[in-house]
Amino acid sequence: MELPPLSLYVHLPWCVRKCPYCDFNSHAVRGEMPGDEYVEALLKDLEEELPLVWGRPVHSIFFGGGTPSLFSAGQIETLLTGFRSLLPVSPEVEITLEANPGTIEHDSFSAYHDAGVNRVSLGAQSFDDDLLKQIGRIHGRAEIEQAVAAIHRSGISNFNIDLMFALPGQSPESARQDVLAAMACGPTHISHYQLTIEPNTAFHASPPILPGDESAWGMQQTCGNKLAEKGYEQYEISAWALPGFQCRHNLNYWRYGDFLGIGAGAHGKVTLPATGSARRRVRQRHPAAWMKYVREGSGVAEDHELDANERVFEFFLNQLRLRDGVLKKQLLPRTGVDWNDVSDRVQIAIDKGLLTEESDRLLATELGWRFNNEIQALFLP
């Protein structure tokens, strides 16, 4: 059988301070960060995954967090060298490093470039100093602009700016100004997503007052129009890119490709060639516990094969976030399920005006993009 593309996600879990809206597996640094010990454990963790993917090339590598730029360029280079010794890595591999503005948090971007990083994702979130304080960020607009200038000097020409909208007290004009400021930095890619209050966060315990749904939808439309005017194409609900600069790593997630996940709390999904089913593996969540378990043999906390219903749900959950929708012929090789087995649920969404069907693909309508959760519910196991 034809296997989907393979990516590698590397979780680097520490940050200077945890943001009140963040529900990721991230941990504020307490004392000295055990970077070298963690790097050693990551390489051992990857070795455990090798029997699942023998001979398969890796097309993208993503260092996510936390704040991966807390790790030095030397540590990133050690990891990349180790990855290449363990796995076939495509010569055209996309290697992304997440970073936050502020010189306290990163080595020079030139050093990361020399280590092998060819794409940076910068967590700006806003260019408004007051809004940044309200959402608990430790940087301001000046630090964003300094970081962008450093990226341009480094030789890394492919970079993303993360922006949030519908922030506490934000006006539509403020959201528009954020997008204009981000585009002025010259990124190839802009991630533009709405702030939501998630369980187990500081904001969930003490919620700020956010703009209402209609106001947030208006911000999304206004900002989207500005991005389109400047040549950015929306290829996913929250992702905009100049032509040719879509994030290959994230596209592989959204197309329901395969990915290895290493590091504390990392998730992975790998297709099994013998059966065509998919295996989901999740690491121990806490960094100290994960390193201990890796040293003793395995950092895996959960390991199971996804059943057909789970595979179908994940397939549609991801692919319907894309502007070019679901390619029908991919359903069977990616999930083992025939299109006729899902056609009744597809028809319900079409009848509701949430989806539209073309000869070879299924697309979300504008209504479907706005109410994506309603489509997802149709494919719940």
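How many nonpolar, polar and charged residues are in the lining of the largest cavity? In this predicted model, the lining of that cavity comprises six nonpolar residues, two polar residues and no charged residues. The residues concerned are Phe313, Phe316, Leu317, Leu320, Asn372, Ile375, Gln376 and Phe379. Two elements, helix 11 (308-319) and helix 15 (372-378), each give two or more residues to this lining. The volume of the largest cavity is about 40 Å³, and the count of cavities of 30 Å³ or more comes to one.

The second largest pocket was examined next. Its space amounts to about 250 Å³. The lining of this pocket consists of 13 residues, of which Trp217, Gln220, Gln234, Arg323 and Glu366 are the closest to its centre. Helix 8 (213-229) and helix 14 (366-370) are the elements that give two or more residues to the lining of the second largest pocket. Helix 8 supplies the largest share, namely five residues. By class, the lining of the second largest pocket is made up of four nonpolar, six polar and three charged residues.

Attention then turned to the nonpolar cores. The largest nonpolar core contains 70 residues, and those that touch the most other members are Leu8, Val10, Tyr38, Ile61, Phe63, Ile76 and Phe83. Helix 1, which spans residues 35-49, gives the most to this core, with six residues. The surroundings of isoleucine 76 can be listed individually: when neighbours within four places in sequence are left aside, isoleucine 76 is in contact with Leu12, Phe63, Phe71, Leu97, Tyr112 and Val117. Another core, of 24 residues, lies apart from the largest nonpolar core; Val312, Phe316, Val337 and Leu355 are among its members. Phe316 thus belongs to this core of 24 residues and also lines the largest cavity.

A further residue considered was serine 26, which is located in the loop between strand 2 (14-15) and strand 3 (27-28). Serine 26 counts as buried because its relative accessibility is 8%, and buried means under 20%. The side chain of serine 26 is joined to that of lysine 18 by a polar contact of 2.7 Å. Lys18 also appears in the list of residues in contact with serine 26 when neighbours within four places in sequence are left aside, together with Pro13, Cys15 and Gly66.

How values were computed
Residues are numbered from 1 along each chain as its sequence is written. This is a predicted model: local features need pLDDT of at least 70, side-chain atom pairs count only at pLDDT 80 or more; totals for chains, interfaces and linings use all residues. Side-chain values use heavy atoms; hydrogens and water are left out. Helices (H or I, at least four residues) and strands (E, at least two) are DSSP runs, numbered from the N terminus. Buried means under 20% relative accessible area, exposed over 50%, partly exposed in between (1.4 Å probe, protein chains only). A polar contact is a pair of N or O atoms within 3.5 Å; within protein, one must be able to donate a hydrogen and the other to accept it, and residues adjacent in sequence count only if both atoms are side-chain atoms. Contact means heavy atoms within 4.5 Å. On a 1 Å grid over the protein atoms alone, a cavity is a set of points where a 1.4 Å probe fits but cannot get out, and a pocket is an open set with protein on both sides within 12 Å along at least five of seven lines; lining residues have an atom within 4 Å of a point. Grid points are joined across faces, edges and corners, and a volume is the space filled by probe spheres set on the points. Ala, Val, Leu, Ile, Met, Phe, Trp, Tyr, Cys and Pro count as nonpolar, Asp, Glu, Lys and Arg as charged, and the others, Gly among them, as polar. A nonpolar core is a set of buried Ala, Val, Leu, Ile, Met, Phe, Trp, Tyr and Cys residues joined through side-chain atoms within 4.5 Å.
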